[in-house]
Amino acid sequence: MEKQYFHTAAKRMSRYKSSIDNPLLKADLYWCRIRTANVVDKIIGVHTHSSFELHYVLDGEMVIIFENGDRHTLEKGQFALIPPFKAHDTIAYGDDFSKIEFRFTVDHAIDFIHSAIESITSGAAVFNGTEFMSTMVQMMLESAFYARPDVSTMMSNYFECFIMDTMYKVASERKNLKYSGKATGMYDNRRILDIKEFIRSNIGSMLTCEDVANYSNMTLRHLNRLTNKCLGIPVSKLIAQYKIDLIKELLETTDLSLHDISEMAGFQSEYALSRFFKQNEGIPISIYKKNLFK
């Protein structure tokens with residue numbers, strides 16, 4: 001693709017998100033970017049994600065550096081898969097450097113894919129890409145540039161084909177590894193702790209389920225699936241539990257009015273606070289407060 005078209009297509013690709021839901025892999029892809037750099041460029045700095053991160057080099061060369069000093073060099077046509085919560089930095093080399101970057105969460109994977117993914121939990125692994133991956137990237141760019149009416153469907157299909165091919169590539173090179181027996185989500189417990197801390201830290205605001213999903217880099221559907229699986233409740237109920245805990249703590253340990261408590265707990269009015277409390281606790285907040293001092 002000509003350079004002037006490449007940059008237009010690259011910008012448009014960031015609009016698309018997708019889900020993979022087939023018998024082999026269930027995953028949510030929430031980030032797709034084309035990144036470019038000139039000569040030597042430290043792209044982002046040290047960072048982590050609560051999701052998998054896949055880098056596929058289109059041109060030039062890049063280095064991934066981990067906190068322990070491990071370095072992985074990727075050349076044109078190679079890709080690296082970085083596990084969640086692994087702090088790393090990326091440096092790009094080359095006048096015409098470019099890469100495509102995906103971030104995705106895995107909800108379930110068939111045994112041979114799961115065991116292969118699990119084998120890279122200590123750091124990144126570098127693999128040679130396939131001709132099919134290169135073809136998929138070109139088709140993504142062309143679809144994004146021309147933006148035909150069915151572009152969202154086409155992009156979802158290309159994303160799924162690309163990610164599935166990388167999973168097969170990883171699995172084929174790690175085929176001698178044994179499956180650990182874990183059925184789903186390798187990082188579920190850590191992600192739940194991270195989600196709980198975010199809710200706890202922001203419970204005094206008008207926090208929504210969408211806020212938590214955006215923070216966690218998941219779709220709301222995927223987030224609810226995770227909290228239901230690990231905690232037995234949807235994220236809305238988890239937020240409600242934290243709000244109830246805060247309200248009760250303020251009622252029990254302070255002399256604040258209900259108006260002040262409503263503001264501190266992220267409600268627009270005392271009425272909204274009272275209605276929320278009764279819906280969740282089954283009794284009016286005034287009765288609960290009165291019973292505290294009997």
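# Reading the terms in a predicted model

User: What share of the 294 residues of the protein counts as buried?

Analyst: The share is 47%. Buried means under 20% relative accessible area, exposed means over 50%, and partly exposed lies in between, with a 1.4 Å probe and protein chains only. The model is predicted, so local features need pLDDT of at least 70 and side-chain atom pairs count only at pLDDT 80 or more, while totals for chains, interfaces and linings use all residues. Residues are numbered from 1 along each chain as its sequence is written, and side-chain values use heavy atoms, with hydrogens and water left out.

User: How many helices and strands does the secondary structure of the protein come to?

Analyst: There are 11 helices and 8 strands. Both are DSSP runs numbered from the N terminus: helices are H or I with at least four residues, strands are E with at least two.

User: How do you know that the length of helix H3 agrees with its number of residues?

Analyst: The expected span of a helix is 1.5 Å times one less than its number of residues. For the 16 residues of H3 (131-146) that gives 22 Å, and the end C-alpha atoms are 23 Å apart, which agrees. Helix H8 (235-253) has 19 residues and an expected span of 27 Å, and its ends are 27 Å apart, which also agrees.

User: Which residues of H3 are buried?

Analyst: Among them are Met133, Met136, Val137, Met140, Leu141 and Ala144. An α-helix has 3.6 residues a turn, so residues three or four places apart point the same way. In H8 the buried residues include Leu238, Ile239, Lys243, Ile247, Leu250 and Leu251.

User: What phi does alanine 147 take, just after H3?

Analyst: Alanine 147 has a positive phi of about 45°. Most residues other than glycine have a negative phi. Phenylalanine 85, in the loop between E6 and E7, is another non-glycine residue with a positive phi, near 60°.

User: Why does phenylalanine 85 count as buried?

Analyst: The relative accessible area of phenylalanine 85 is 17%, under the cut-off, so the residue counts as buried.

User: What makes the phenylalanine 79 and phenylalanine 127 rings an aromatic pair, and what kind of pair is it?

Analyst: Rings of Phe, Tyr and Trp (its six-membered ring) pair if their centres lie within 6.5 Å; planes under 30 degrees apart count as stacked, over 60 as edge-to-face and the rest as tilted. These two centres are 5.3 Å apart with 25° between the planes, so the pair is stacked. Phenylalanine 79 lies in strand E6 (78-82) and phenylalanine 127 in strand E8 (125-128), so the pair ties together parts that are 48 residues apart in sequence. The relative accessible area is 0% for phenylalanine 79 and 2% for phenylalanine 127, and each counts as buried.

User: Why is the pair of phenylalanine 102 and phenylalanine 162 called tilted?

Analyst: The centres are 4.9 Å apart and the planes are at 35°, which is neither under the stacked limit nor over the edge-to-face limit, so the pair is tilted. It links strand E7 (88-109) with helix H4 (151-173), 60 residues apart. Both rings belong to buried residues, and ring pairs join them with Tyr56 and Phe159 into a cluster. The structure holds 9 aromatic pairs.

User: What makes arginine 33 a charge over the ring of tryptophan 31?

Analyst: The rule asks for NZ of Lys or CZ of Arg within 6 Å of the ring centre and within 35 degrees of the ring normal. Arginine 33 lies over the face of tryptophan 31 at 3.8 Å from the ring centre. Lysine 243 lies over the face of phenylalanine 267 at 5.2 Å.

User: Which side chain makes a polar contact with the side chain of histidine 55?

Analyst: The partner is lysine 99, at 2.7 Å. A polar contact is a pair of N or O atoms within 3.5 Å; within protein, one must be able to donate a hydrogen and the other to accept it, and residues adjacent in sequence count only if both atoms are side-chain atoms. Histidine 55 is in strand E4 (52-66) and is buried at 1% relative accessible area.

User: Why does proline 23 count as exposed?

Analyst: Its relative accessibility is 74%, over the cut-off, so proline 23 is exposed. Proline 23 sits in the loop between strand E1 (18-21) and strand E2 (25-37).
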